Structure formats: structure tokens, C-alpha cells
Amino acid sequence: MKPNAYDIKEKIGVVFQDVAVFEELTVYENIDYFCGLYIKDKEKRKQYIQDAIDLVGLEEFRKFYPKQLSGGLLRRLNIACGIAHKPSIIFLDEPTVAVDPQSRNNILDGIKKLRDNGATILYTTHYMEEVEIICDRVIILDKGKVLAAGSTDELKELAKIEEKVTVEVNELDQKHIEEIKNLEHVDDVNYNGNILLVTYKKGKNNLIELIDYLKKESIKYNKIYSERPTLNDVFLELTGKELRD
């Protein structure tokens with residue numbers, strides 16, 4: 001792409017992981033500057049700026065300078081600057097890193113609105129729960145190589161486990177742990193503190209069979225629930241569980 005290819009650039013929005021705004025400009029002035037690179041009509045730009053401020057929830061902070069904003073608000077400003085000109089393709093590089101839960105929810109809600117309004121979004125993240133919330137198609141990359149691609153449901157089919165059952169149980173001795181390991185379809189058993197996690201390779205009535213075993217052994221439990229493998233399980237299976245630098 002040539003430096004003067006503005007007809008193409010105006011269709012693209014980029015939000016980097018590192019915040020890239022001007023410290024000497026206010027929230028409104030920062031968004032105005034980046035939007036003004038592509039939108040010359042003043043009235044149209046004014047509306048676009050307001051739309052961006054509303055999208056990320058910065059109305060109360062429009063006159064603030066970046067140094068006056070929290071980390072979460074800075075992230076939201078960073079996004080507003082990248083999408084204010086209403087691009088049709090948006091690149092988002094880990095926009096929720098190191099933000100508080102409220103800002104994270106606000107950011108994800110804003111991204112969903114952009115998606116629902118027709119923008120094509122390329123989203124990079126290590127948070128698999130975010131992927132499940134906002135992505136239609138997923139690519140898992142490791143060391144520059146594509147390990148898997150497809151919808152979230154398609155990727156979950158790659159998991160080697162069929163089901164995870166979590167039990168909150170106060171007392172469980174080694175004998176019971178070994179017997180649970182020998183139950184049909186059990187792949188692994190982990191007991192840490194008062195949480196028992198049983199993973200199954202396959203099977204459809206695993207939860208019922210585990211409950212029957214606990215009742216037979218007169219083992220009292222507080223909570224028990226079952227869940228399918230998550231994208232995080234698939235990611236760790238494909239990329240490995242060892243620590244990375």
C-alpha cells in the first residue's frame with residue numbers, strides 16, 4: 001500500500017496494543033485529530049466523534065487529558081481514535097490487556113456493536129473467553145504457524161476431552177480419588193483444596209455416574225456441575241501447557 005493511498009486507508013482502522021495518543025491533546029481533540037485524517041467534512045466529523053465517544057463511554061471525560069485517565073479509560077480512548085472514522089475493516093491487537101473488569105466489559109460491548117453494525121474485525125487476544133464472546137471464526141496461531149481454524153464449535157471438537165465435572169467436596173481421601181480414576185471414561189482426576197475436577201474422554205452420563213458413586217460412598221458435596229471443553233482447553237492442548245517467556 002502506498003503512503004498516499006487514502007482511499008484504502010480510510011476503510012481501515014487499527015488499534016495497537018500499546019496506547020498511541022497525544023498527551024497534549026484532550027480526549028475530544030485526540031479523537032478529532034485521528035478522525036480528521038480521513039473525514040474532512042466538519043459536521044460529519046463532529047457526528048463521527050460523538051458516535052465514537054458514545055461507543056466507548058467517554059462522554060464524561062471528553063475534556064480530560066490522557067495523563068488524567070485510568071488505564072482502562074486510556075484503552076477506550078485508544079479504540080475511539082482507531083475507529084472514529086467508521087472503517088469497514090478494524091484490526092484490534094489485545095485491546096483489553098491490563099484493564100479493570102468494568103472497562104473490559106465496556107470495550108467488549110463496543111466491539112460487538114461495531115461487528116453488529118457491519119464492520120469486519122480482526123481481533124488478536126490470549127483471552128479465549130473473549131474469543132467465544134465476539135468471534136465468528138477463529139484461528140489459533142503458535143510461533144507463527146496456524147494450528148487450527150474454524151468456528152468456536154468446530155474448534156471445540158478438537159478437544160481430547162468430552163466433559164469436565166467440578167465438585168466442591170470438603171473431605172476426599174486418596175482411596176476415593178483412585179476409585180474415581182477407575183470409573184468409566186475418566187481421563188484425569190485432580191483434587192486441590194476442596195475442589196475435585198474430573199475430566200472425561202467420552203460418555204454421556206458421566207455426571208450421573210459420579211453422583212451415584214459419591215452417594216454410594218456417603219461423600220457429601222456442596223456443589224457439582226458439568227461443562228463442555230472450552231476454547232482455552234483446546235488452545236492449551238494444541239500449543240502445550242509449558243510456561244512461555
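Contact here means heavy atoms within 4.5 Å. With that cut-off in hand, the predicted model can be read starting from one helix pair. Helix α2 spans residues 27-36 and helix α3 spans residues 42-56, and their axes lie 10 Å apart at an angle of about 125°. That angle makes α2 oblique to α3. As for handedness, α2 passes α3 in a right-handed crossing. On the α2 side, the residues that meet α3 are Y28, I31, D32, C35 and G36, and their partners on α3 are R45, K46, Y48, I49, A52 and I53. Sorted by class, this contact has seven nonpolar residues, three charged ones and one polar one.

One of the α2 residues in that contact, C35, also comes up when looking for disulfides. C35 sits at 0% relative accessibility, so it counts as buried. C81 counts as buried too, because its relative accessibility is 6%. Burial aside, how far is the sulfur of C35 from the closest cysteine sulfur? The closest one belongs to C81, and the gap is 9.8 Å, which is too far for a bond. Looking from the other end gives the matching picture: for the sulfur of C81, the closest cysteine sulfur is in C35, again at 9.8 Å and too far for a bond. A disulfide calls for a pair of cysteine sulfur atoms within 2.5 Å, and by this rule the count comes to zero disulfides.

Further along the chain, helix α10 covers residues 231-239, and its buried residues are L231, D233, V234, F235 and T239. What do these buried residues pack against? Their neighbours are two helices, α6 (128-134) and α7 (152-156), along with the strands β4, β5 and β6 (163-169). Just after α10 comes G240, which takes a positive phi of about 95°.

The two strands β4 (138-142) and β5 (145-150) are joined by a loop, and K143 has its place there. Is K143 buried or exposed? With a relative accessible area of 74%, K143 is exposed, whereas T239 of α10 is among the buried residues of that helix. Despite that contrast, a spatial link can be drawn between this loop residue and α10: K143 and T239 are 96 residues apart along the chain, and their C-alpha atoms are separated by 9.2 Å. The strands on either side of the loop, β4 and β5, also appear among the elements that the buried residues of α10 pack against.

Notes: Residues numbered from 1 in each chain as written. Predicted model: local features only at pLDDT ≥ 70, side-chain atom pairs only at ≥ 80, totals over all residues. Heavy atoms only, no water. Buried < 20%, exposed > 50% of the residue type's maximum accessible area, 1.4 Å probe, protein only. Helix = DSSP H or I, 4+ residues; strand = E, 2+ residues; numbered from the N terminus. Axes fitted to C-alpha atoms, helices over the stretch in contact; angles between N-to-C directions. Parallel < 35°, antiparallel > 145°, perpendicular 65-115°, else oblique. Left-handed = near helix turned anticlockwise from the far one by under 90°. Nonpolar A, V, L, I, M, F, W, Y, C, P; charged D, E, K, R; others polar.
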